[in-house]
Amino acid sequence: MPPASEHTPLLDGPNGHHPPTFTRRFNRFIRADGEPSWATSLKFFFFNSWLNLLLVFIPLSIVSHHLHWDAGLRFAFSFVAIIPLAKLLGESTEQLSMKCGQTLGGLLNASFGNAVEIIVGVAALAQGELRIVQTSMLGSILSNLLLVLGMSFFAGGVVFKESEFQQTAAQTSSSLMTLACITLVIPAAYHSAKTVNRIPLPTGSDNFLSLFDNVDTDAAKSGLLSISRGTSILLLLVYFAYLYFQLKSHASLFQAPNEEESEETPNMSMVSATITLLAVTVVTSFCADYLVASIEETAEKYSIPKPFIGVILLPLVANAAEHVTSVWMAAKGKTELTIGIAVGSSIQIAVFVIPLLILVGWAIGQELTLYFADFETVCLFVSVMLVNLLIQDGKSNYMEGLMLMTLYLVIAIAFWVS
């Protein structure tokens, strides 16, 4: 026994200097002392939005899949079930980010901001639906750039004659989107250079490998894979640099002038936000798997073009809650936030999610590339070009919003008859 000194506590136990045991620290962490209680957290989580009423479609999606109901019902139930799950994913991420500081919170929002697209993409990738992966990613970019931004500009223009936003930040974001667009053009140009006979693809062909039917040799296909995988690694590095640029080194560029950062109070404890985030991610992965599994049969039975499902329908369900938020913020004059949601989500898809899925496909033996069909590449190129032209002056009005929505509808019609 060590000799007593003036620092030796008179009594052992809680009044002494002995640190609390691991069990006590763990219980204190689970109880979330000083934070909202579990009851308060779960009440906020489940009852803060009317969209949560659609959670009843989750068990319908599971039952319809395992009982092999009609493909249209299985598709519809899974489609609707993902809408509230996307909202809950965003809510959990936002609540968790409030406890992690500005930089880490921004990184969390950036990483989980398009969690539904990643989950749907991985589910389709695992089932070999490579064209669904490509069209759904393209559709997410187009819906954010044209539909969400267009509706937001229109809503803001109806309330205010003209809205202003940070020109430098918007141009930086649009330039990054241009870079992402160019990385899709290069594989298409490479494919064209290696093509011998430009034979049209067979009508109704949805197999991703049919994109290679006109390629001269297997070496050309190997070249496309090498270009895509190398480009994906570079794009991921650029994306992480962009996160540092946006969250750290040039964060002031992405804040509206004269805007003071308000301290937000979390409505959920850190533990409850983490657990709900993991739980919702798991449930979403199952619903996404059921959704993808029903696409083929639904498309054939109801004569819905698969490209239309991928480009138009899937992005709508994945970003429904985000779309509403963006339009609502624009109507309140918060154009900076609107551009952050619309253009920022497009950047995440183009520079983070697509490269990530290509590398995941590489790991699991699926030959996903950056070579999209020529028509899809042109649609993305003209969309990015129009957005660049409209935001270069740092101002928006309802007419600009109308132009963006018109282009989206034109593209939707084209994919319906494709």
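This short talk covers the cavities of one structure and then a single residue, alanine 342.

Hi everyone. A word on the source: this is a predicted model, where local features need pLDDT of at least 70, side-chain atom pairs count only at pLDDT 80 or more, and totals for chains, interfaces and linings use all residues. Residues are numbered from 1 along each chain as its sequence is written, and side-chain values use heavy atoms, leaving out hydrogens and water.

Cavities, then. By a cavity I mean a set of points, on a 1 Å grid over the protein atoms alone, where a 1.4 Å probe fits but cannot get out. Points are joined across faces, edges and corners, and a volume is the space filled by probe spheres set on them. Searching the whole structure turns up 4 cavities of 30 Å³ or more, and the largest holds about 70 Å³.

Who lines that largest one? Lining residues have an atom within 4 Å of a point, and among them here are Val116, Glu117, Met137, Ser140 and Pro315. Two or more lining residues come from each of α6 (115-126), α7 (130-159) and α11 (306-318), with helices being DSSP runs of H or I, at least four residues, numbered from the N terminus. The largest share, 4 residues, is from α11.

Now to alanine 342, which sits in helix α13, residues 335-364. Is alanine 342 buried or exposed? Buried, because its relative accessible area is 0%, and buried means under 20% with a 1.4 Å probe, protein chains only. Beyond neighbours within four places in sequence, alanine 342 contacts Asn144, Val148 and Leu149, meaning heavy atoms within 4.5 Å. Thanks, all!

Notes:
On a 1 Å grid over the protein atoms alone, a cavity is a set of points where a 1.4 Å probe fits but cannot get out, and a pocket is an open set with protein on both sides within 12 Å along at least five of seven lines; lining residues have an atom within 4 Å of a point. Buried means under 20% relative accessible area, exposed over 50%, partly exposed in between (1.4 Å probe, protein chains only).
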